[in-house]
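This report describes the fold and selected local packing of one protein model. The sequence and coordinates are shown first.

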Amino acid sequence: MTTAFLLRIRACVLGCALTLSACIAHAAPAAPRLWKATRTAPGHDATVLYVLGATPAGLPVEFDGYYHRTVLAALRASATLSVEGVGDGEEAPAGSASNPGCDLRQLDERGIAMLNDARQRILTLTLQADMARRDTLDVKALAQAPDPDTQAQSWARLIEMSDEFTLLQFARAQAASLAAAPAGASVAAALVRARPGIAVHDIDYRTGMMHAYCASGPRRTMLLLDVVDGVPARAAADLARDFDALLRGRAPSADGPFARLAPLDAGLVCARNRDWIARMNAVADGRAHFYVVPVRNLFAARHDDADCGGLLADLEQAGFTVAPVK
């Protein structure tokens, strides 16, 4: 078989593969996940709010051509970037529903059992993370560290005394330290790095996320167990499928991550959206601002455990003209 013949075969195969890839890409284009909300106030230029639906996992699809071509262009045009967890959120208005506090009496019997189970699993997770950290210490640092038994007792007391929301944050930190993927792989973190000079703010009031968790109903502790069990990392394929379904206006799968946590929508979707739209509604400075929000919060949550419209509908009701950025 001649070299020329082999080269012709290779060119044919490569051409077919490229054609097939192009056909697949044409048949299933990426669904828009960035929206532009525009409103003009008297005496000001139009105020623009870019709203990006994202996941905490940093899925590969979130860094596709749409991200590089469309999302980054909108970010470059924006004066500020708002994401979760920055910690600079303002205090909630006096008397608002965003005051913190998880009332154990709101948990049903199943929720209490899940909380007790979560404490035990968080202790196990913490001990694993502590041993992993010890493995990275040199001899001198290891000699100065508390002995494992003493440290384990300290962790156990801390976990037993911590409230639910503190446990959630603590569990996320321990899980992240054990994760194979590098920390900060989310779209929000990538956008912060992409515009190092931009003003970055928290999308929540200072206690907003705590209130959202505490308002999530009698089974809110299932979120704790999801974190401890590493469900978000293990369910990446399911999350990608549901992410695409939501963006295309379809219902997520009945056994996927969004359906599993649907009982928590009253707090994590409805309560947070009420806080966010109140803050967004006050923006009227004639500039562009960029928001990264969980994709689930963009759309309505209407089922046995929650009843509210999504953030996009809320923006329209507040007088913004909302359109997907394609």
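Which residues does Asp242 touch, not counting residues up to four places away in sequence? Asp242 touches Pro252, Ser253, Gly256, Pro257 and Phe258, where contact means heavy atoms within 4.5 Å.

## Basis of the description

This is a predicted model, in which local features need pLDDT of at least 70 and side-chain atom pairs count only at pLDDT 80 or more, while totals for chains, interfaces and linings use all residues. Residues are numbered from 1 along each chain as its sequence is written, and side-chain values use heavy atoms, with hydrogens and water left out.

## Overall architecture

The protein contains 14 helices and eight strands; these are DSSP runs numbered from the N terminus (helices H or I, at least four residues; strands E, at least two). Of its 326 residues, 42% are buried, that is, under 20% relative accessible area with a 1.4 Å probe and protein chains only. Among contacts between residues at least 6 apart in sequence, 80% join residues at least 24 apart.

## Helix α2

Helix α2 covers residues 65–76, and its twelve residues should span 16 Å at 1.5 Å a residue; the end C-alpha atoms are 16 Å apart, which agrees. The expected span is 1.5 Å times one less than the number of residues. At the N-terminal end, Asp64 acts as a cap, with a side-chain oxygen 3.1 Å from the backbone nitrogen of Tyr66.

The buried residues of α2 are Tyr66, Tyr67, Thr70, Val71, Leu72, Ala74 and Leu75. These buried residues pack against β1 (34–40), β2 (46–54), β3 (80–83), α7 (187–194) and β5 (288–294).

## Packing around helix α3

Helix α3 (residues 109–135) packs with helix α6 (residues 164–178) at an angle of about 35°, the axes being 9 Å apart. Axes are lines fitted to C-alpha atoms, for helices over the stretch in contact, and angles run from 0 to 180 degrees between N-to-C directions. The crossing of α3 and α6 is left-handed, meaning that the near helix is turned anticlockwise from the far one by less than a right angle; right-handed denotes clockwise. Participants include Leu115, Ile122 and Ala129 of α3, and Leu167, Phe170 and Leu178 of α6. By class, this contact has ten nonpolar, four polar and three charged residues; Ala, Val, Leu, Ile, Met, Phe, Trp, Tyr, Cys and Pro count as nonpolar, Asp, Glu, Lys and Arg as charged, and the others, Gly among them, as polar.

With helix α5 (residues 148–161), α3 packs at about 145°, with the axes 10 Å apart. This crossing is right-handed. Among the residues in contact are Arg119, Leu123 and Asp130 of α3, together with Gln151, Trp155 and Ile159 of α5. The α3 contact with α5 has eight nonpolar, two polar and five charged residues.

## Two buried positions

Asp242 is found in helix α11 (residues 236–247) and is buried, with a relative accessible area of 1%. Its side chain makes a polar contact of 3.0 Å with the side chain of Ser253; such a contact is a pair of N or O atoms within 3.5 Å, where within protein one must be able to donate a hydrogen and the other to accept it, and residues adjacent in sequence count only if both atoms are side-chain atoms. Asp242 and Ser253 are eleven residues apart in sequence, and their C-alpha atoms are 6.5 Å apart.

Leu311 lies in helix α14 (residues 311–317) and is buried, with a relative accessible area of 0%. Leaving aside neighbours within four places in sequence, the contacts of Leu311 include Val51, Trp276, Met280 and Phe299. The C-alpha atoms of Leu311 and Cys270 are separated by 9.0 Å, with these positions 41 residues apart along the chain counted as their separation.

Key:
Buried < 20%, exposed > 50% of the residue type's maximum accessible area, 1.4 Å probe, protein only.
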